[in-house]
Amino acid sequence: QLSCLVKLVTLRGIPKDLDSYPKDVLLFLSPSDYAATGSCRQYFANTGKANLDVLQRESSQRKQLLLEALACLKISSTQVNKENAEILGRLVCDLGGEYIRSSGGNLLKQLSQCDSFLPDQEEAIRSVISSGNTTFGTPAAWSAFTLNELNGLIPVFDHSILQKIPK
């Protein structure tokens, strides 16, 4: 339905008010389509807020979206800084374990919004959390606020992490 809506909306060209459309619609446009109304950074900041699950997780369209986002943000290594993590938003859900490990805690806030993880992502999240080298510190120092912030990641935590969290 969204794909059809995009075809109707763009029938007479790309509208100048794309930012006022639902973010999910933008998933069916390319950054070059959006270029007339804003930058690729703005496009990915908006698509990062969209419900990525309208595209199948391993679909070529979703993979291409992530590749274009990385190119736009000039992320050439597996390390993503906090600013770029915020722009990517939910697109971080598709980053592999190597990105999660290399980026330290920079991706945790965005990752906590993901609905599911692949095994290598789960392992990387546990590794980053266990290291304690994040803004959240070690699990032994966490509060209820911290757990609330990381709520979406709790199912990934293993026994060794859970036992360190203060009651």
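**Figure 1. D53, R62 and D94 form a network of salt bridges**. The model is predicted: local features need pLDDT of at least 70, side-chain atom pairs count only at pLDDT 80 or more, and totals for chains, interfaces and linings use all residues. Residues are numbered from 1 along each chain as its sequence is written, and side-chain values use heavy atoms, with hydrogens and water left out. A salt bridge here is a side-chain nitrogen of Lys or Arg within 4 Å of a carboxyl oxygen of Asp or Glu. R62 and D94 make one such bridge, with their closest N and O atoms 2.7 Å apart. R62 lies in helix α5 and D94 in the loop between α6 and α7, so this pair ties together parts 32 residues apart in sequence. Helices (H or I, at least four residues) and strands (E, at least two) are DSSP runs, numbered from the N terminus. R62 also meets D53 in a salt bridge, at 3.4 Å from N to O. Buried means under 20% relative accessible area, exposed over 50%, and partly exposed in between (1.4 Å probe, protein chains only). R62 is buried, with a relative accessible area of 3%. D53 is partly exposed, at 45%.

**Figure 2. R101 and E123 form a salt bridge**. The closest N and O atoms of the two residues are 3.6 Å apart. R101 sits in helix α7 and E123 in helix α9, so the pair links distant parts of the chain, 22 residues apart. Both ends are partly exposed: R101 has a relative accessible area of 39%, and E123 has 48%. A search of the whole structure finds five salt bridges.

**Figure 3. Helix α5 has a buried side and an exposed side**. The helix covers residues 60-72, which makes 13 residues. From first C-alpha to last it reaches 18 Å, close to the 18 Å expected at 1.5 Å a residue. That expected span is 1.5 Å times one less than the number of residues. Which residues of α5 are buried? They are R62, L65, L66, A69, L70 and C72. These residues cover an arc of only 165 degrees around the axis, which puts them on the same side of α5. The arc is that of the directions from the helix axis to the C-beta atoms. An α-helix has 3.6 residues a turn, so residues three or four places apart point the same way. On the other side of α5, S60, L67 and A71 are exposed. The buried residues pack against α4 (40-47), α6 (82-88) and α7 (97-102). Contact means heavy atoms within 4.5 Å.

**Figure 4. K74 follows helix α5 with a positive phi**. K74 lies in the loop between α5 and α6. Its phi is near 55 degrees, a positive value in a residue other than glycine. Most residues other than glycine have a negative phi. Is K74 buried or exposed? K74 is exposed, with a relative accessible area of 71%.

**Figure 5. L88, L95 and L111 touch the most other members of the largest nonpolar core**. A nonpolar core is a set of buried Ala, Val, Leu, Ile, Met, Phe, Trp, Tyr and Cys residues joined through side-chain atoms within 4.5 Å. This one holds 42 residues. α4, α5, α6, α7, α8 (108-111) and α9 (119-131) each supply at least two of them. α5 gives the most, with five residues. What does L88 touch, leaving aside neighbours within four places in sequence? L88 is in contact with G48, A69, L73, I75, V80 and L95.

**Figure 6. S112 sits in the loop between α8 and α9**. S112 counts as buried, at 14% relative accessibility. Not counting residues up to four places away in sequence, S112 touches E149, L150, G152 and L153.

**Figure 7. The protein chain has eleven helices and zero strands**. Of its 167 residues, 41% are buried. Take the contacts between residues at least 6 apart in sequence: 51% of these join residues at least 24 apart. The accessible surface comes to about 9000 Å², and carbon and sulfur atoms account for 51% of that surface. Accessible areas come from the Shrake-Rupley method with a 1.4 Å probe; for residues, only the protein chains shown count as cover.
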